Amino acid sequence: MPDKIKVNGVILVDKPQGMTSQQVVSKVKYLFKSPSYDSKKAGHTGTLDPMATGLLPICLGEATKFSHYQLDADKSYQATILLGSQTDTGDADGKIVAQASIPTFDEALLEDVAQQFLGAQQQIPPMYSALKKDGKKLYEYARAGIEIDRPPRDIVIKAIKLTELDVKQIQLTVTCSKGTYVRVLAEDIAKVLGTLGHLTALRRIQVGYFHIDAAIALADLESLALDGRQAHLLPVDACINLEAELTLTAEQCARVQMGQRLNVIEQLNDDLRSYISATVEQQHSHDDKSVIQQNAGDGKNDDEALLPYEVPVDIRLLDEQGQFIGLGAVSLNGRLQPKKLIQL
């Protein structure tokens, strides 16, 4: 019996309310499975709460190797905050644990409050979360009535808007860095307004450059025949937000597939050199050191400094037919190290 064809690619699903993200992944795996196709390997690029709806990019097959690009990406949400009450979970799935009066507010006040939350800050994760402590998820402790100390985490609010819906509800539209809990943000906004609050609706509308408008509802995906479902698959490298690329010869492709390093100094054109230089400079500025500390797997110790022309930068690798074959790290000295390569 011939081997099954592996399903490779990314599909953007509009997650329905009431399902966990993992349940959606399991359903998608089932929908792409057939006697001829293998869809066992799959994963999402960032959990949504069961109450939440919206964009859930799901990687299948070889695309899972590159999911971290969207796991680390900024995300945008629209949420409804009900003022006057707080729940133990921070959303409508929880039990009301406290109540408070609701002060009057207007658009000017909401704009002022929103501005207070812009930029870099720290946020304490909620107890009802999947973060782990001593091998147990925090929500397991919470359900047992145990409060665990949670260190604050660095987050960045890139954009935020608050809109009055009525005297009790406001709409929150926010773009934020990974690891931001919108439930906690909603509670903090309510506190600044002088009351309590919790989410009654949460919808993710963007992940990196993926937008909800390009997503398909899970029910609609299920209604399609297999070939129709496959038509919604994005390429295996859809999660990768790199434009820089290098075309390798057939011999070079074979060598990198074996894990060998290459010298590609003669293949570095001016555009690629400029990209590498700019990326190294950006890393250098972020690191705020005279030399960048990185271990490129070249035999140097972790604490040895790399000179700027030695610093590796991630790029796409293509074969002579223009097909994506994976990622490599290349430096200005022409050294190319294969990183994550696809097996089709």
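Helices here are DSSP runs of at least four residues, numbered from the N terminus. One of them, helix H8 (residues 250-257), is followed by glycine 259, which has a positive phi near 85°. The model is predicted. This briefing covers its domains, its aromatic pairs and three of its helices.

**Domains**

- The domain assignment divides the protein chain into domain 1 (5-72 + 210-234), domain 2 (75-207) and domain 3 (243-280 + 309-343).
- Between domain 2 and domain 3, the C-alpha centres are 43 Å apart.
- An unreviewed UniProt entry annotates residues 38-182 as "domain: Pseudouridine synthase II N-terminal".
- Over residues 38-182, strand makes up 39% of the chain and helix 14%.
- The end C-alpha atoms of that stretch lie 36 Å apart.

**Aromatic rings**

- How many aromatic pairs does the structure hold? There are two.
- One pair joins phenylalanine 66 and phenylalanine 324, with ring centres 5.5 Å apart. Their planes meet at 75°, so the pair is edge-to-face; the cut-off for that label is over 60 degrees.
- Phenylalanine 66 sits in the loop between strand E5 (53-60) and helix H2 (68-71). Phenylalanine 324 belongs to strand E22 (residues 324-330). The pair therefore ties together parts that are 258 residues apart in sequence.
- Both rings belong to buried residues: phenylalanine 66 has a relative accessible area of 0%, and phenylalanine 324 has 10%.
- Tyrosine 209 and phenylalanine 210 form another pair, with centres 5.1 Å apart. Their planes stand at 70°, so this pair is edge-to-face too.
- Tyrosine 209 is partly exposed, at 44% relative accessibility, whereas phenylalanine 210 is buried at 5%.
- A charged side chain also meets a ring: lysine 136 lies over the face of tyrosine 141, at 4.6 Å from the ring centre.

**Helix H8**

- Which residues of H8 are buried? They are Gln252, Cys253 and Val256.
- These residues cover an arc of only 105° around the axis, so they lie on the same side of H8.
- An α-helix has 3.6 residues a turn, so residues three or four places apart point the same way.
- The face turned away from the buried side carries exposed Ala250 and Glu251.
- Several strands help to cover the buried residues of H8, including strand E17 (245-247), strand E18 (262-263) and strand E21 (313-318). E22 and strand E23 (335-341) are also among the covering parts.
- E22 is also the strand that holds phenylalanine 324 of the aromatic pair.

**Helices H3 and H5**

- Helix H3 (residues 107-116) has Leu110, Val113 and Ala114 as its buried residues.
- Seen down the axis, they fall within an arc of 100°, so they line one face of H3.
- On the other side of H3, Ala108 and Glu111 are exposed.
- What do the buried residues of H3 pack against? Their partners are strand E12 (153-164), strand E13 (169-176) and helix H5 (182-192).
- H5 is mostly covered, with eight of its eleven residues buried.
- Those buried residues are Val182, Arg183, Val184, Leu185, Ala186, Glu187, Ile189 and Ala190.
- Glycine 194 comes just after H5 and takes a positive phi of about 90°.

Note on methods: Residues are numbered from 1 along each chain as its sequence is written. This is a predicted model: local features need pLDDT of at least 70, side-chain atom pairs count only at pLDDT 80 or more; totals for chains, interfaces and linings use all residues. Side-chain values use heavy atoms; hydrogens and water are left out. UniProt positions are given in the numbering used here, feature names are shortened, and annotations may be inferred rather than shown by experiment. Helices (H or I, at least four residues) and strands (E, at least two) are DSSP runs, numbered from the N terminus. Domain bounds come from an automatic or database domain assignment. Rings of Phe, Tyr and Trp (its six-membered ring) pair if their centres lie within 6.5 Å; planes under 30 degrees apart count as stacked, over 60 as edge-to-face and the rest as tilted. Buried means under 20% relative accessible area, exposed over 50%, partly exposed in between (1.4 Å probe, protein chains only). A charge sits over a ring if NZ of Lys or CZ of Arg is within 6 Å of the ring centre and within 35 degrees of the ring normal. The arc is that of the directions from the helix axis to the C-beta atoms. Contact means heavy atoms within 4.5 Å.
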